[in-house]
Amino acid sequence: MVSPSPSSSAAARAAAPAEPADPSRRTAVALVAVLAALTAVAPLATDMYVPGFPALGDTLGASSSAVQLTMTAFLAGLVVGQLLIGPLSDSLGRRGLLLSGTAAFTVFSVACALAPDIEVLTGARFLQGVSGAAGMVLARAVLTDRFQGAELPRYFAVLSQIMGIAPVAAPVLGGAVLAVSTWRAVFVVLTVMGGLLVLGVVRKVPETLPPERRHAGGITNTFCAMGELLGRRTFMGYVLVLAFISAALFAYISGSSFVFENLHGVSATTYSLIFASNAVAMLIAGAAFSQLAVRVRLNNLLVGAVAVAAVGALAQVLLVLTVGETLAGTWITLFITAGGIGMVFPSTLSIGQALGRNAPGAASALLGGLQFLFGAVAAPLVGVFGEDSSLPMAVIMLIAVAAAGVALVGLARPWEGRGEPTATA
């Protein structure tokens, strides 16, 4: 018997088919991809139609304030929807609510596209927000059901990056649609997105909360679990950190176009590039979080992220008060602040969901609901306090970041190390 030569063995190995990829890994990637898309659609729907506000008002014979109210209605729907759907899912399961919510989002997107007047559009936008909240709140709950340890912060980083980038990208995408069609086409695009998401949920998102793990005692006990979370100092500390940081982000989103285009005289194209660069800062921060979360305590990352955001916000205020309005100074300080915000999001979501693991839907509802509530309150404040300086935006952002720091130190108390996933504890 002749033994095969080393060269023939190597050739045989080379000719052999490659081992198939781990199916569980492929399943996890597909699941997270659908959850990321579900997370993105509501922020996209929030302000994708903003570039079409003037034409919308002309078409429906509505004032600018009435048109702006349609966005407020959508944000109110997002808050209400998350606070209702999240706790309900702890009792009824995730998949059914996710399917029905996403399907309803699709239907109400059609209603927005066909709205004959501003009153119908406002009502449809509220219901679109309520139903769109299902994807956001249940995506976090499904992740908490499905993953644990070091995997959970990594996947929350993905959702957080989506949450940070989608509101930034939405007006750009809306502008592209409006370049070839009317504001109604924006809602047609959202309808198509909703239909694709329904298919994604059907095919890739299983039920992650089996009956034996659901809250006993019906819906009443489920909302009692939310009440219990509201009474937990540490958990609410992280909720408020996320809410105040979101207020800073929304103040930036609502005020930055005025600051860069009106005060510094840049073109809309240049402003888009500046906006995109700050979005890159958030992406870099989220990617860094994914790598660091397996080696560094999440609370340490959170403290560092809030500190970075505070340095950027404080520098922005001090520059305006001392040097005056400068394009480079405003751009750099906002880039720094955006980087800090980009790491706060996944840190607080990971720790908050870990602390609320006994009721993931309720925990997700409070984290997401207050996030958008504080953002909706902060967004219009920039315009209220004047339009002849960037100082209102800078001060509101600084106050919001400082309040996040107070909540972190006074309530969350990160040195206690609560909510750390087991792999990083």
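This passage walks through the overall build of a predicted model and then through several of its residues.

Starting with the fold as a whole, the protein chain is helical through and through as far as regular elements go: there are 16 helices and 0 strands. The radius of gyration comes out at 23 Å, close to the 22 Å that the globule rule gives for 425 residues, so the chain is as compact as a globular protein of that length. Along its principal axes, the C-alpha atoms take up a box of roughly 90 × 55 × 50 Å. Burial covers 52% of the 425 residues. As for how the chain packs against itself, take the contacts between residues at least 6 apart in sequence: 86% of these join residues at least 24 apart. On the outside, the accessible surface adds up to about 17100 Å², and carbon and sulfur atoms own 70% of that. Charged side chains number 21 positive and 18 negative, with 13 Å between the centres of the two sets.

Moving on to single residues, Thr 208 is a handy place to begin. This threonine sits in the loop between α8 (183-204) and α9 (218-230). With a relative accessible area of 9%, Thr 208 falls under the 20% cut-off and is therefore buried. Its side chain pairs up with the side chain of Asp 145 through a polar contact of 2.8 Å. Asp 145 also turns up among the contacts of Thr 208 once neighbours within four places in sequence are set aside, and the others there are Arg 94, Val 142 and Arg 213.

Ser 389 is another loop residue, placed between α15 (381-384) and α16 (391-412). Its relative accessibility is 18%, and because the cut-off for burial is 20%, Ser 389 still counts as buried. The serine side chain has two polar partners worth pointing out. One is the side chain of Glu 325, at 3.1 Å. The other is the backbone nitrogen of Leu 391, which the side chain of Ser 389 reaches at 2.9 Å. Leaving out residues up to four places away in sequence, Ser 389 touches Phe 258, Leu 263 and Val 320 as well as Glu 325.

Helix α13 supplies the next two residues. Thr 348 belongs to this helix and is buried, with a relative accessible area of 0%. Within the chain, the side chain of Thr 348 reaches the backbone oxygen of Phe 345 at 3.1 Å. Beyond its neighbours within four places in sequence, Thr 348 is in contact with Tyr 238, Val 241, Leu 242, Leu 302 and Leu 367. Leu 298 is 50 residues away from Thr 348 along the chain, yet their C-alpha atoms are separated by 8.5 Å.

Trp 331 is also placed in α13, which spans residues 327-355. At 32% relative accessibility, this tryptophan counts as partly exposed, because that category runs between 20% and 50%. Its contacts, again leaving aside neighbours within four places in sequence, are with Phe 260, Ile 274, Ser 277 and Asn 278. Asn 299 is another story: Trp 331 and Asn 299 are 32 residues apart in sequence, and their C-alpha atoms are 28 Å apart in space.

Two more partly exposed residues round things off. Ala 111 is part of helix α5 (residues 95-114), and its relative accessible area is 29%. Going C-alpha to C-alpha, Ala 111 and Gly 123 are separated by 9.5 Å, with their positions 12 residues apart along the chain. Arg 413 lies in the segment after α16 and is partly exposed, with a relative accessible area of 29%. The backbone of Arg 413 deserves a look too, with phi near 50°, a positive value in a residue other than glycine. Most residues other than glycine have a negative phi.

Conventions:
Residues numbered from 1 in each chain as written. Predicted model: local features only at pLDDT ≥ 70, side-chain atom pairs only at ≥ 80, totals over all residues. Heavy atoms only, no water. Helix = DSSP H or I, 4+ residues; strand = E, 2+ residues; numbered from the N terminus. Rg over C-alpha atoms; globule rule 2.2 N^0.38 Å. Buried < 20%, exposed > 50% of the residue type's maximum accessible area, 1.4 Å probe, protein only. Contact = heavy atoms within 4.5 Å. Areas by Shrake-Rupley, 256 points an atom, 1.4 Å probe, with all protein chains shown as cover. Lys, Arg positive; Asp, Glu negative; His and termini not counted. Charge placed at Lys NZ, Arg CZ, Asp CG, Glu CD. Polar contact = N/O pair within 3.5 Å; in protein donor to acceptor, adjacent residues only side chain to side chain.
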